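Colleague: I am new to reading models like this. Could you take me through the reasoning behind a few labels?

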Amino acid sequence: MNTPLGIGPEGSGRLPALLAPIARSPVLRGDLDYHLLRAAMVIVFAFFGYQKWFEYEFERLVPFISNGPLIFWLYWAFGYGGASWFLGSVEWITGALLLLGFWDRRAGILGALGATATFIGTVTIIPFMPDGWDQAAGGFPAMTGNVPFLMKDVVLLAVSLYLLRQDVVRLTRQ
């Protein structure tokens, strides 16, 4: 008996004629996914780190930092501008390490660890964000306010963990 993809129960690996050329594609056989995800993360950290250096961002960060159970202390330690600059610096360092990870797995591991810590910090804000769930729509899971912006970080956390795993596996195989 075959599955919907035409793969037998013994794992014969037969694919329907339509999928066979795609499965043989060099794009799918190489590391394109790994490289695209790494490049995307470098861009994310470069752009988000850049905006942390400007006053307009100081004000936009207030609801996030103030309600972040892991980052609320930044205002006490650095003030509003300093907290933003600190985050921008960390994001640029993380992005630079991710970029270096194209050539050096150890740097990639450090970058992926930094990215993982970053997105753990932002994802943990979600339950504490005031007015994050639209009561008119029944509350959770009807997102509103800043919560939809933060939800992207769930995916970015998964990408960070993927890169971390890939770099650790690749480094141990060297």
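**Reasons behind the labels**

Modeller: Residues 24 or more positions apart account for 60% of the contacts in the chain with a separation of 6 or more. Keep in mind that this is a predicted model.

Colleague: Which helices and strands does the chain have?

Modeller: The chain has seven helices and zero strands. Its radius of gyration is 21 Å, and the globule rule gives 16 Å for 174 residues, so the chain is more spread out than a compact globule.

Colleague: What makes Arg38 and Asp167 a salt bridge?

Modeller: The cut-off is 4 Å between a side-chain nitrogen and a carboxyl oxygen. The closest N and O atoms of Arg38 and Asp167 are 2.4 Å apart, so the pair counts as a salt bridge. Arg38 lies in helix α3 and Asp167 in helix α7, 129 residues apart.

Colleague: Why is Arg38 called buried?

Modeller: Buried means under 20% relative accessible area. Arg38 has 0%, so it counts as buried. Asp167 also has 0%, so Asp167 is buried.

Colleague: How do you know whether Asp153 is buried or exposed?

Modeller: Set its value against the 20% limit. Asp153 has a relative accessible area of 3%, so it is buried.

Colleague: And why is Lys152 called partly exposed?

Modeller: Partly exposed lies between the limits of 20% and 50%. Lys152 has a relative accessible area of 28%, so it is partly exposed. The side chains of Lys152 and Asp153 meet in a salt bridge, at 2.6 Å from N to O.

Colleague: How many salt bridges does the count come to?

Modeller: The count comes to five. One of them joins Lys52 and Glu91, at 3.2 Å from N to O.

Notes:
Residues are numbered from 1 along each chain as its sequence is written. This is a predicted model: local features need pLDDT of at least 70, side-chain atom pairs count only at pLDDT 80 or more; totals for chains, interfaces and linings use all residues. Side-chain values use heavy atoms; hydrogens and water are left out. Helices (H or I, at least four residues) and strands (E, at least two) are DSSP runs, numbered from the N terminus. The radius of gyration is taken over C-alpha atoms; the globule rule is 2.2 Å times the number of residues to the power 0.38. Contact means heavy atoms within 4.5 Å. Buried means under 20% relative accessible area, exposed over 50%, partly exposed in between (1.4 Å probe, protein chains only).
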